[in-house]
Amino acid sequence: MTKPPLTLYLAAPRGFCAGVDRAIKIVEMALAKWGAPVYVRHEIVHNKYVVDDLRAKGAVFVEELDECPTDRPVIFSAHGVPKSVPSEAAARQMLYVDATCPLVSKVHIEAERHHENGLQIVMIGHAGHPETVGTMGQLPDGEVLLVETPADVATLAVRDAARLAFVTQTTLSVDDTAEVVAALQARFPAIVGPHKEDICYATTNRQEAVKAMAERAEAMLVVGAPNSSNSKRLVEVGARAGCAYAQLVQRATDIDWRALDGIRSMGITAGASAPEVLVNEVIDAFRARYDVTVEVIETAQETVEFKVPRVLRAPA
């Protein structure tokens, strides 16, 4: 039986970003240096496959520091942590390694600088997301106000409209964030923004690639985790850019083949915490059912690399 033809558009860049790469490397190097178990507070990155793989190598994932013994190293996730976490680790004399993405740390430093200058901060982000919790936790309660939508801006109660600054989560939709920023600037003309967008290069690049792909693909799959902010934003960006069917899948087994019946073109991308092995698994699943032609849609090239903390580069 001949397989129906299918053009598979593969977005580039896709998958791992430099911050995720570094965070995974930190856990692997900690295991190599100190042996198992090494504790990790919160999922190191939002991907079940990655977490399961590290767990098999000896990483123990916990939600809070009090679940960790004091005699084993603990690693903080790429999303960043509130200031209280390293303080508590230091008070308990724990050996800790911070795997916070340097681009998230940059937002933390920015927030602190505004705070020192006497400004109250508005954070554009998603309530409860670990990155938002970590950034808001850099400063005392009430110093960072959270908004998610332009509607939130209208009801925001600030201390002094003339003394405000804003920061954003690094994994937001570029277009959605622009709308919230516009609402903030309209209501608070004096608000101070970042020098350069807080949304990171990887989030921006992956969204641009999806927009380019959405024009050509009838349907689109984003390989990523349901709790991954940047992956969920890719689905929204694809749908908004005109792709009739955009879905998030964790693995090839999640593909709803009935929904894709009769398609001739398919777009595939992956969130910043999804490994390429899962993308290949999805491509193989299509090859099994279709006569596949792969076309790469490249909108940028990434050369960013982040060093691991010095403690891991020194011999044990």
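Leaving aside its neighbours within four places in sequence, which residues is V282 in contact with? The legends below get to that after a look at the whole model.

**Figure 1. The whole protein, a predicted model, has 11 helices and 12 strands.** Here helices (H or I, at least four residues) and strands (E, at least two) are DSSP runs, numbered from the N terminus. The radius of gyration is 21 Å, close to the 20 Å that the globule rule gives for 316 residues, so the protein is as compact as a globular protein of that length. That radius is taken over C-alpha atoms, and the rule is 2.2 Å times the number of residues to the power 0.38. Along its principal axes, the C-alpha trace spans about 70 × 55 × 30 Å. Of the 316 residues, 51% count as buried; buried means under 20% relative accessible area, exposed over 50%, and partly exposed in between (1.4 Å probe, protein chains only). Some housekeeping: residues are numbered from 1 along each chain as its sequence is written, and side-chain values use heavy atoms, with hydrogens and water left out. Because the model is predicted, local features need pLDDT of at least 70 and side-chain atom pairs count only at pLDDT 80 or more, while totals for chains, interfaces and linings use all residues.

**Figure 2. V282 sits in helix α10, which covers residues 276-289.** Back to the opening question: leaving aside its neighbours within four places in sequence, V282 is in contact (heavy atoms within 4.5 Å) with L221, V223, R251, A252, I255 and I268. V282 counts as buried, at 0% relative accessibility. M266 is 16 residues from V282 in sequence, and their C-alpha atoms are 11 Å apart in space.

**Figure 3. V60 belongs to strand β3, residues 59-62.** At 29% relative accessibility, V60 counts as partly exposed. Skip the neighbours within four places in sequence, and V60 is in contact with P37, V38, Y39 and V40. One of these, P37, is found in the loop between α1 and β2 (38-41). The peptide bond leading from A36 into P37 is cis, with omega near -5 degrees. A36 and V60 are 24 residues apart in sequence, with 8.7 Å between their C-alpha atoms.

**Figure 4. A second cis peptide bond view: A12 is joined to P13, with omega about 5 degrees.** P13 lies in the loop between β1 (5-12) and α1 (18-34). N205, in helix α8 (residues 201-214), is in contact with P13, T299, A300 and E302, once neighbours within four places in sequence are left aside. N205 itself counts as buried, at 17% relative accessibility.

**Figure 5. Two loop residues, H42 and Q93, have positive phi values.** Most residues other than glycine have a negative phi, and most peptide bonds are trans. H42 has a phi of about 75 degrees and lies in the loop between β2 and α2 (48-57). For Q93, phi is near 55 degrees; this residue is in the loop between α3 (84-91) and β5 (96-98). Buried or exposed? H42 is buried, with a relative accessible area of 16%, whereas Q93 counts as exposed, at 72%.

**Figure 6. The cysteines C200 and C17, in a structure that holds 0 disulfides.** A disulfide is a pair of cysteine sulfur atoms within 2.5 Å. The closest cysteine sulfur to that of C200 is in C17, 6.0 Å away, which is too far for a bond. C200 counts as buried, at 12% relative accessibility. Another cysteine, C68, is also buried, at 3%.
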